[in-house]
Amino acid sequence: MILYKNVDICDLKSIMEKGILSLDACGNNNWDDGKRGENSTSVVYLFQPLTKENSFPEYGAALLEIDCSADRSEMPDFDVHKGKYEEYITEQVLPSQIRRIFIPKIFKPYIEAPTNLDICWCQMEADYYGDGGLEKCSSEILEQFARTAPFMSAKAFNFFRGMNKDRTMIDLYNIIYSFE
């Protein structure tokens, strides 16, 4: 079964050596107190997109494609991603089960990706709130976003949030990492 998981770029080296471990097993908790859902911490969460939107970078800017067996997990009705993806759980993901690592090519000059990993530098599409409401990001907006948003760790202040030249925030929505 092909599933996906967003992870922090700064964790890629460790993930490719040890695999993806549950929060209990790895102790890598990116969540502020009271911000994490009441999900189990003893399993690994993966997803299968239901729409064109296929990356959820609030969990990390790198998108992993994984080939493993997993059990479907029922998402609560209040989950912000309900209807966007099906959620799956497994005990762990072995390094050999990680097929590809996707990171938008536009981020390449602004991140420190491990050089020994085979990264698929993909295209990215997204929407943002412009003058006319929610609209497609132009190449200029995406470049401004890439220059100004921190990408390495979801713990970073304003992670995955860019800034316009007038110092207003650029938040992205409906994010699609384009790959084949």
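In this predicted model, a hairpin connects strand 7 to strand 8 through two residues. The two strands run antiparallel and are joined by four bridges. Strand 7 covers residues 119–130, and strand 8 covers residues 133–136. One bridge is set between Asp127 and its partner in strand 8, Lys136.

A second antiparallel pairing involves strand 1 and strand 3. Six bridges hold this pairing. Strand 3 spans residues 62–67, and strand 1 spans residues 2–7. Tyr4 has Glu65 of strand 3 as its bridge partner. Strand 1 is largely enclosed by the rest of the structure, because five of its six residues are buried.

Asn6 belongs to strand 1. Its relative accessibility is 4%, so Asn6 counts as buried under the 20% cut-off. The Asn6 side chain makes a polar contact of 2.9 Å with the side chain of Ser55. The side chain of Asn6 also reaches the backbone oxygen of Gly60, at 3.0 Å. Beyond its neighbours within four places in sequence, Asn6 is in contact with Phe47, Ser55, Phe56, Pro57, Tyr59, Gly60, Ala61, Ala62 and Leu63. Both polar partners, Ser55 and Gly60, appear in this list.

Helix 3 comprises residues 139–148. Its buried residues are Ile141, Leu142, Gln144, Phe145 and Ala146. An α-helix has 3.6 residues a turn, so residues three or four places apart point the same way. The cover over the buried residues of helix 3 includes strand 7, strand 9 and strand 10. Strand 10 consists of residues 169–170, and strand 9 of residues 162–163.

Leu142 lies in this helix. Its relative accessible area is 9%, so Leu142 is buried. Leaving out residues up to four places away in sequence, Leu142 touches Ile106, Met124, Cys137 and Leu172. Ser69 is 73 residues from Leu142 along the chain, and the C-alpha atoms of the two are separated by 35 Å.

Phe145 is another buried residue of helix 3. Its relative accessibility is 0%. The structure holds 13 aromatic pairs. One of them is formed by Phe145 and Phe160 in an edge-to-face arrangement, with 5.0 Å centre to centre and 65° between the planes. This pair links distant parts of the chain, 15 residues apart: Phe145 sits in helix 3, whereas Phe160 sits in the loop between helix 3 and strand 9. Phe160 is itself buried, at 9% relative accessibility. A further pair joins Phe160 to Phe151. Here the ring centres are 5.7 Å apart and the planes stand at 75°, so the pair is edge-to-face. Phe151 is buried, as is Phe160.

The contacts of Phe160 extend beyond these two rings. Not counting residues up to four places away in sequence, Phe160 touches Pro57, Ala61, Phe107, Phe145, Ala149, Pro150, Phe151, Leu172, Ile175 and Tyr177. Leu172 is also touched by Leu142. Pro57 and Ala61 are also in contact with Asn6.

The largest nonpolar core has 48 residues. Those with the most contacts inside this core are Phe107, Phe151, Phe160, Leu172 and Tyr177. Strand 7 gives the most to this core, with five residues. Elsewhere among the aromatic residues, Tyr4, Phe47, Phe56, Tyr85, Phe102 and Phe179 form one cluster. Tyr4 is the bridge partner of Glu65, while Phe47 and Phe56 are in contact with Asn6.

The loop between helix 3 and strand 9 also contains Ser153. At 18% relative accessibility, Ser153 falls below the 20% cut-off and therefore counts as buried. Apart from its neighbours within four places in sequence, Ser153 is in contact with Asp8, Cys10 and Phe159.

Cys10 is partly exposed, at 42% relative accessible area. Cys68, by contrast, is buried, at 4% relative accessibility. The structure holds zero disulfides.

Conventions: Residues are numbered from 1 along each chain as its sequence is written. This is a predicted model: local features need pLDDT of at least 70, side-chain atom pairs count only at pLDDT 80 or more; totals for chains, interfaces and linings use all residues. Side-chain values use heavy atoms; hydrogens and water are left out. Buried means under 20% relative accessible area, exposed over 50%, partly exposed in between (1.4 Å probe, protein chains only). A polar contact is a pair of N or O atoms within 3.5 Å; within protein, one must be able to donate a hydrogen and the other to accept it, and residues adjacent in sequence count only if both atoms are side-chain atoms. Contact means heavy atoms within 4.5 Å. A nonpolar core is a set of buried Ala, Val, Leu, Ile, Met, Phe, Trp, Tyr and Cys residues joined through side-chain atoms within 4.5 Å. A disulfide is a pair of cysteine sulfur atoms within 2.5 Å. Two strands pair if DSSP finds at least two bridges between them. Rings of Phe, Tyr and Trp (its six-membered ring) pair if their centres lie within 6.5 Å; planes under 30 degrees apart count as stacked, over 60 as edge-to-face and the rest as tilted.
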